[in-house]
Amino acid sequence: MQAAILEAFGTPLTVGTIPDPVIGTGEVIVDVEATRVLSYTNEVLSGARNYLLDLPVMPGVGAIGRVRATGPDATRLSVGDWVYCDPTIRSRDDVLAPDITLLGWSARGEGGLRLQRYYRDGSFAERMRLPTENVIPIGPIDAADAPAWCAMGTLLVPYGGWLAAGLQPGETVLVSGATGQFGSAAVVVALGMGAGCVVAPGRNQAVLAELQRRFGPRVRTVRLQGDEDGDRARMQAAAPGPIDCVLDLLPPSADTIPVRAAAMTVRQNGRVVLMGGVGMLGGPGLDLPYPWLMRNNIRLIGQWMYPREASVCMAALIRSGLIRLSEYEVTTFGLDAVEAAVTHAAAHGGPFRMTVLQPRPRG
Ligand SMILES: NC(=O)c1ccc[n+]([C@@H]2O[C@H](COP(=O)([O-])OP(=O)(O)OC[C@H]3O[C@@H](n4cnc5c(N)ncnc54)[C@H](OP(=O)(O)O)[C@@H]3O)[C@@H](O)[C@H]2O)c1
């Protein structure tokens, strides 16, 4: 099969022919029809993000595809089924604290790297091998819609955060980083889950206006000005009442001050979920006052990715129309143009835009 291979950090991807993946028990082979190229793929491939990735590797995180072969223990999946390939691989030999690797992307710690030595290759390839539990049917779709369905991978990240927070219909939530790629997805998902109001802070006035235009009065935008106390007051004032839950999705380039400004808008007994990349490249810790956490019964939650069942529910949210894939403008590339796709993704990040690779030859 054809695949894009990263031989060393900072070198271009090489497209070439490599042996097909070989299926084992408990595994599925998927024909990759479409896969997202995240805006910071260049930073992962250059090594700038310091993601743990054992090389050489076929990168690429998550995909929409069709089942090509199932192992002997698969009882429901059929060849040809349209599926979402969840890159979140969890080791099966520790149910309480599994090692985790993101297929073709990164790993957490030495245990995650060990897992990655077996489950290593991602989606920038015609086919990929995954554990059966990571292959989630999405129901029949038109092949032309496969690139749009890649938005699942983006939407699922904040969905994992809202699930961790136990978001309830009618609640008022705040998304820190609402003008970003994952943050804007957090706005979409919160609205789809029935949030009464989403407070959307940011610095980019054009994107704030776009959020307002798309989603109307259930979204309240706030222009951040960089002073912690003032920004916190502005965010609280924008909400129609107490803020029940805050989800942070700021990137590693942001420091902890805007995180804290947003986190401390939450009401007594509220929940704060941290999902961003803040601190992944070092810097000071998040200095949340102990008495504020304690006296206000704040629940502080860290969340990496999302639970297995989230993919099933997200497919249902999309099929029901509660979440619309049409929010996203998609630009597609073939595998031969993978380097151009990575460059395009870096230049066209942010909300409601997706760069998608289609690794198989188009008929
Ligand atoms: N936990 C997980 O499972 C998971 C999964 C995937 C990704 N992530 C993390 O999510 C992060 C966000 O990715 P993304 O692609 O959405 O990033 P992005 O599109 O670059 O968005 C960045 C956002 O951060 C805001 N921002 C940046 N610096 C800021 C500052 N100093 N003060 C206030 N706001 C600031 C930007 O606001 P303005 O543009 O308005 O200035 C924008 O809203 C990634 O870096 C990754 O680490 C986490």
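# Questions on the strands, domains and ligand shell

Q: In which sense do strand 14 and strand 15 (residues 266-274) pair?
A: Two strands pair if DSSP finds at least two bridges between them, and strand 14 and strand 15 (residues 266-274) share 5 bridges. Helices (H or I, at least four residues) and strands (E, at least two) are DSSP runs, numbered from the N terminus. One of the links runs from Asp-248 to its bridge partner Leu-274 in strand 15. The sense in which strand 14 and strand 15 pair is parallel.

Q: What kind of model is this?
A: Residues are numbered from 1 along each chain as its sequence is written. Local features need pLDDT of at least 70, side-chain atom pairs count only at pLDDT 80 or more, totals for chains, interfaces and linings use all residues, and the model itself is predicted.

Q: How many residues of strand 14 (residues 243-248) are buried?
A: A residue is buried if 20 or more other C-beta atoms lie within 10 Å of its own, exposed if 12 or fewer, and partly exposed in between, with C-beta atoms placed from the backbone. Strand 14 also pairs with strand 11 (residues 172-176) in the parallel sense over 4 bridges, where Ser-176 has Asp-248 as its partner. Strand 14 is mostly covered, and the buried count among its 6 residues is 6.

Q: Why is strand 13 (residues 219-223) largely enclosed, and by what?
A: Strand 13 runs parallel to strand 12 (residues 197-202), to which 5 bridges join it. In one of these, Val-198 is matched with Val-219 of strand 13. Because 4 of its 5 residues are buried, strand 13 is largely enclosed by the rest of the structure.

Q: Which strands stand at the edges of the open sheet 6-7-8?
A: The 3 strands of this open sheet follow the order 6-7-8 with antiparallel pairing. Each edge strand has a single partner strand, so one side of each is left without a neighbour in the sheet. Strand 6 and strand 7 (residues 100-102) are linked by 3 bridges, with Arg-90 opposite Ile-100 of strand 7. The strands at the edges are strand 6 (88-90) and strand 8 (106-107).

Q: How far apart do the C-alpha centres of domain 1 and domain 2 lie?
A: Domain bounds come from an automatic or database domain assignment, and here they give domain 1 (2-149 + 328-358) and domain 2 (156-302). The contact between them takes 6 residues from domain 1 and 6 residues from domain 2, where two residues are in contact if their C-beta atoms, placed from the backbone, lie within 7 Å. The separation of the C-alpha centres of domain 1 and domain 2 is 29 Å.

Q: Which helix gives the most residues to the largest nonpolar core?
A: A nonpolar core is a set of buried Ala, Val, Leu, Ile, Met, Phe, Trp, Tyr and Cys residues joined through C-beta atoms within 7 Å. The largest one holds 110 residues, of which Val-187, Ala-190, Val-198 and Leu-247 touch the most other members. With 9 residues, the helix that gives the most to this core is helix 4 (residues 151-165).

Q: How many residues surround the ligand?
A: A residue counts as near the ligand if its C-beta atom, placed from the backbone, lies within 6 Å of it. The shell draws at least three residues from each of domain 1 and domain 2, and its largest share, 3 residues, comes from helix 5 (residues 181-192). The closest residues are Gly-180, Gly-202, Arg-203, Pro-251 and Gly-277, and the number surrounding the ligand is 28.

Q: Is Val-32 buried or exposed?
A: Val-32 belongs to strand 3 (residues 27-37). Beyond its neighbours within four places in sequence, its contacts include Ala-63, Ser-123 and Pro-359. Because 28 other C-beta atoms lie within 10 Å, Val-32 is buried.

Q: Is Asn-269 buried or exposed?
A: Asn-269 sits in strand 15. Its phi is near 65°, a positive value in a residue other than glycine. Because 11 other C-beta atoms lie within 10 Å, Asn-269 is exposed.

Q: What is the omega of the peptide bond from Leu-55 to Pro-56 near?
A: Pro-56 lies in the loop between helix 1 (41-46) and strand 4 (63-70). The bond from Leu-55 to Pro-56 is cis, with omega near -5°.
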